[in-house]
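User: I have a new structure to look at. Can you walk me through it?
Analyst: Sure, here it is.
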Amino acid sequence: IFPKRNIFISKLLEKHPEITTIVHGVSSISTELVQPSHETVLFGKGYIGDKLLGLTFRITASSFYQINPVQTEKLYTKAVSLAKLTGKETVLDAYCGVGTIGLCAAKKAGQVISVESNGAAVKNAISNAKINGIKNTRFYKADATSFIEEMATSGEHCDVIFMDPPRAGSTPEFIRAAA
């Protein structure tokens with residue numbers, strides 16, 4: 001229930017006309033993560049857009065995206081450079097969010113496998129690959145640790161792993177399976 005939401009929206013847009021979308025998220029549980037169980041688009045398309053290293057990204061309210069684009073571009077450029085991709089490698093983008101690292105690396109990799117547990121972020125990542133015409137990527141909604149353990153158990157491998165884990169970090173099991 002959001003009483004006087006139209007007045008709120010009107011006043012907010014009056015003070016900040018640069019706003020392109022407003023989403024009202026409601027969470028039924030209290031956690032440190034902002035993961036609403038229900039979202040309602042109050043204004044705009046329900047997502048924002050950004051450009052990063054020549055690619056276009058759509059980002060919804062409940063998905064993850066780096067908030068410092070200047071540093072993000074420097075970090076991703078350095079990471080992809082250090083990976084020394086030749087176009088033949090299989091890259092794993094663990095904890096991929098909206099797909100930024102994997103999609104930035106895709107033009108230099110053979111294929112990119114991206115894994116993310118947040119379903120909204122995976123939908124954004126799939127959409128972002130389509131928007132940018134990137135076809136050598138696959139996206140999975142899964143826990144990164146379970147996913148890489150299954151890869152290791154089944155004898156699959158990847159040549160490069162990019163990982164941007166949540167604040168809690170990666171798990172020891174993930175690191176063991178990666179090794």
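User: Let's pick a strand pair. How do β5 and β8 pair, and over how many bridges?
Analyst: This is a predicted model. In it, β5 and strand β8 (residues 160-163) run in the parallel sense and share four bridges.
User: Which residue of β8 does valine 91 stand opposite?
Analyst: Valine 91 faces valine 160 in β8.
User: What about β5 and β6, how many bridges there?
Analyst: Five bridges, again in the parallel sense; β6 covers residues 111-116. Threonine 90 sits opposite glutamine 111 of β6. Alanine 94 sits opposite valine 115, also of β6.
User: What connects them into a β-α-β unit, and which hand does it have?
Analyst: Helix α3 (residues 100-106) does, together with β5 and β6, and the unit is right-handed.
User: What's the strand order in the sheet?
Analyst: The order is β7-β6-β5-β8. It is an open sheet of four strands with parallel pairing.
User: And which strands stand at the edges?
Analyst: β7 (137-141) and β8 do. Each has a single partner strand, so one side of each has no neighbour in the sheet.
User: How much are neighbouring strands turned against each other?
Analyst: By 15° on average, direction ignored.
User: Which strands does helix α5 lie across?
Analyst: Helix α5 (residues 144-153) lies across β5, β6, β7 and β8. Its direction is at about 135° to β6.
User: Back to β5. How many of its residues are buried?
Analyst: Five of the five, residues 90-94, so the strand is largely enclosed by the rest of the structure.
User: Which residues are on which side?
Analyst: Thr90, Leu92 and Ala94 are on one side, with Val91 and Asp93 on the other. Both faces are covered.
User: New topic: aromatics. How many aromatic pairs are there?
Analyst: The count is four. One of them joins phenylalanine 2 and phenylalanine 8: the ring centres are 5.5 Å apart and the planes are at 50°, so this pair is tilted.
User: Are those two buried or exposed?
Analyst: Neither, both fall in between. Phenylalanine 2 is partly exposed at 29% relative accessible area. Phenylalanine 8 is partly exposed too, at 40%.
User: What about tyrosine 95 and phenylalanine 174, how far apart are the ring centres?
Analyst: They are 5.6 Å apart, with the planes at 40°, so that pair is tilted as well.
User: Where in the chain do the two sit?
Analyst: Tyrosine 95 is in the loop between β5 and α3, while phenylalanine 174 is in helix α6 (residues 172-178). They are 79 residues apart, so to speak a link between distant parts of the chain.
User: Buried or exposed, tyrosine 95 first?
Analyst: Tyrosine 95 counts as buried, since its relative accessibility is 15% and the cut-off is under 20%. Phenylalanine 174 is buried with a value of 0%.
User: Zoom out. How many helices and strands does the protein have?
Analyst: Six helices and eight strands. Along the sequence the pattern reads α-β-β-β-β-α-β-α-β-α-β-α-β-α.
User: What box do the C-alpha atoms fill?
Analyst: Roughly 55 × 35 × 25 Å, along the principal axes.
User: And what share of the residues is buried?
Analyst: 34% of the 179 residues. The accessible surface comes to about 11000 Å², and 56% of it belongs to carbon and sulfur atoms.

Definitions and conventions:
Residues are numbered from 1 along each chain as its sequence is written. This is a predicted model: local features need pLDDT of at least 70, side-chain atom pairs count only at pLDDT 80 or more; totals for chains, interfaces and linings use all residues. Side-chain values use heavy atoms; hydrogens and water are left out. Buried means under 20% relative accessible area, exposed over 50%, partly exposed in between (1.4 Å probe, protein chains only). Two strands pair if DSSP finds at least two bridges between them. A crossover is right-handed if, with the strands pointing away from the viewer, the path from the first strand over the helix to the second runs clockwise. Axes are lines fitted to C-alpha atoms, for helices over the stretch in contact, and angles run from 0 to 180 degrees between N-to-C directions. Contact means heavy atoms within 4.5 Å. Rings of Phe, Tyr and Trp (its six-membered ring) pair if their centres lie within 6.5 Å; planes under 30 degrees apart count as stacked, over 60 as edge-to-face and the rest as tilted. Accessible areas come from the Shrake-Rupley method with a 1.4 Å probe; for residues, only the protein chains shown count as cover.
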